[in-house]
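Trainee: Please take one buried part of this chain and look at it closely. Start from a single residue and follow the connections outward.

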Amino acid sequence: MVKITSAFDSGAIEVLSLDDPANIRLRLRKDNAADFHQWFHFRLTGAAGLPLRMVFENAATAAYADGWHGYRCVASYDRQNWFRIEGTRYHDGQLVVEHVPERDSVFYAYFEPYSHERHLDLVARAERSPQVRLRNLGLTVEGRDLDLVTVGGDAPGRMPVWIIARQHPGETMAEWFVEGLLERLLDPADPVARKLRAQAVLHIVPNMNPDGAVRGNLRTNAAGRNLNREWRAPDPVASPEVFLVRAEMERTGCGLFLDIHGDETLPYVFFSTAEEVPSFTAAAAAAQARFIEAFLAASPDFQTTEGYKPGRFGEELLTLASKWVANHFGCVSLTLEMPFKDNALLPDEAVGWNGARSKRLGAAMLDPILRHVATCSQPTLDSAILQETNT
Ligand code: ZN
């Protein structure tokens, strides 16, 4: 007897019919307080060896229906190893996934999930480092902690660097990215990390939207707000996540900002840059170009040929985090996009783009960050490194 359940962390699916394993009828579930839908994550039991054909009937009304072209569903038996399903196709407005599970319990998802438990483990592990200060900036709409991990001390002259991830909760690759970045940043043996810890203070929000993440939302928080459209005027009640982070950024200042995302459609890693913000200067353009060049050197997964067309965000431009920050602080401020599908420049048939690859990309980001900090800061680094070694 085939069953489907989704009553767990980030679970999301609607089941219309399970009568025929060759025609399992499903619907993508909407965010809890908004109409966006594309994320799914569910468990199917009782079908080992059975040829399944799962039809997502409302795929055409998903937030980014174009994203289904060339997309392959991910699956896992042990929730550790996630693989792509070859028999995925988008046809006549429906996403069809054909799979013969090897086991009686199999999980299917839009992308490799990143659970709230894993988030709590991540911040707890980070907090054990003497380099880290873990702070709760306040509460989300549903009363979850908004965690801020700060690495490097508050000594004068250090550049404040801000990195936020997962404003869009279905973009789990963003928190995998932060996990990889944090692991390298806290590595006592890594020379790039040592220099960065000595010269900068890094404020990292691993998950901007824990409510949406637990609920299995694609794009919004528990109040139905798309947090990456809230930055011009965040609401302390409906979008406290942005309100709290923006207030802390005003307090610390910001010398570099990175907002980490996933893109449903483009099979590439790319930046959305800041040329279009009103206060963009020639100096900002030069600093942005240096940063991009350093990231190109650091990771062959990154490229600059493919990306968003100018004018994509229209009137909303300054409601987006990285655009608002670029305009307000005048610093290098970028949105990083990773693929839901695969990186077409460096494809992996078995897993596509996944958590492990997002982690390596996060680790590689330390190189351009250090280059940026070293170029823009006073050279107080030697004494700071000595200080760190002695503590
Ligand atoms: Zn996003």
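**From one helix residue outward**

Mentor: With a relative accessible area of 1%, Leu361 counts as buried, because the cut-off for that label is under 20%. Everything that follows describes a predicted model. Leu361 belongs to helix α8. Its C-alpha is 9.3 Å from the C-alpha of Met338, a residue 23 positions away in sequence.

Next come the rings. The whole structure holds 22 aromatic pairs. In one of them Tyr110 and Phe340 are stacked, with 4.4 Å between the centres and 20° between the planes. Tyr110 sits in the loop between β10 (105-109) and α1 (116-127), while Phe340 sits in the loop between β17 (332-339) and α8 (355-364); the contact therefore ties together parts that are 230 residues apart in sequence. Tyr110 is buried, and Phe340 is buried too.

Another of the pairs is formed by Phe271 and Phe291, which are tilted, at 6.1 Å centre to centre and 55° between the planes. This pair links strand β16 (residues 270-272), where Phe271 lies, to helix α6 (residues 282-298), where Phe291 lies, and the two residues are 20 apart. Phe271 has a relative accessibility of 9% and so counts as buried. Phe291 is at 1% and so is buried as well.

Tyr110 and Phe340 also belong to one aromatic cluster, whose other members are Phe40, Phe42, Phe56, Trp68, Tyr71, Tyr108 and Phe111. Phe56 is the member to follow into a sheet. Strand β5 covers residues 52-56, and four of its five residues are buried, so the strand is largely enclosed by the rest of the structure. Phe56 stands opposite Leu95 in β9, and β5 is joined to β9 (residues 94-99) by five bridges in the antiparallel sense. Towards β3, Phe56 in β5 stands opposite Leu26; here β3 and β5 run parallel and share three bridges. Leu26 is in turn the bridge partner, in β3, of Val15. Strands β2 and β3 (residues 24-27) run antiparallel, with three bridges between them.

These contacts are part of an open sheet of five strands with mixed pairing, in the order β2-β3-β5-β9-β8. The edges are β2 (14-17) and β8 (88-91); each has a single partner strand, so one side of each is left without a neighbour in the sheet. On average, neighbouring strands here are turned by 25° against each other, direction ignored.

Phe271 leads to a second sheet by way of its strand, β16. Seven strands make up this open sheet, in the order β11-β12-β14-β13-β15-β17-β16, again with mixed pairing. Its edge strands are β11 (132-139) and β16, each with a single partner strand, so each has one side without a neighbour in the sheet. The average turn between neighbouring strands of this sheet is 25°, direction ignored. For β16 the pairing with β17 is antiparallel, over three bridges. Among the residues involved is Phe270, whose bridge partner in β17 is Glu337.

The order of this sheet also includes β13 and β15, and that brings in the metal site. The zinc ion is coordinated by ND1 of His168, two contacts from OE atoms of Glu171, and ND1 of His261, at 2.1 to 2.4 Å. Along the sequence, the donor residues follow the spacing H-x2-E-x89-H. Glu171 lies in the loop between β13 (159-165) and α2 (173-185), and His261 lies in strand β15 (residues 256-263), so this pair ties together parts that are 90 residues apart in sequence. Glu171 and His261 are both buried. The angles that the four donor atoms subtend run from 57 to 147°, and for that reason the arrangement is irregular. A tetrahedral label would require all angles to lie between 85 and 135 degrees.

Two charge-over-ring contacts complete the picture. Arg312 lies over the face of Tyr308, 3.7 Å from the ring centre. The charged end of Arg219 sits over the ring of Phe36, at 5.6 Å from its centre.

Notes:
Residues are numbered from 1 along each chain as its sequence is written. This is a predicted model: local features need pLDDT of at least 70, side-chain atom pairs count only at pLDDT 80 or more; totals for chains, interfaces and linings use all residues. Side-chain values use heavy atoms; hydrogens and water are left out. Donors are N, O and S atoms within 2.8 Å of the metal (3.2 Å for Na, K and Ca); water is not among the atoms, so sites may look incomplete. Four donors count as tetrahedral if all angles lie between 85 and 135 degrees; four count as square planar and six as octahedral if opposite donors are over 155 degrees apart and all others between 65 and 115; anything else is irregular. Buried means under 20% relative accessible area, exposed over 50%, partly exposed in between (1.4 Å probe, protein chains only). Rings of Phe, Tyr and Trp (its six-membered ring) pair if their centres lie within 6.5 Å; planes under 30 degrees apart count as stacked, over 60 as edge-to-face and the rest as tilted. A charge sits over a ring if NZ of Lys or CZ of Arg is within 6 Å of the ring centre and within 35 degrees of the ring normal. Two strands pair if DSSP finds at least two bridges between them. Axes are lines fitted to C-alpha atoms, for helices over the stretch in contact, and angles run from 0 to 180 degrees between N-to-C directions.
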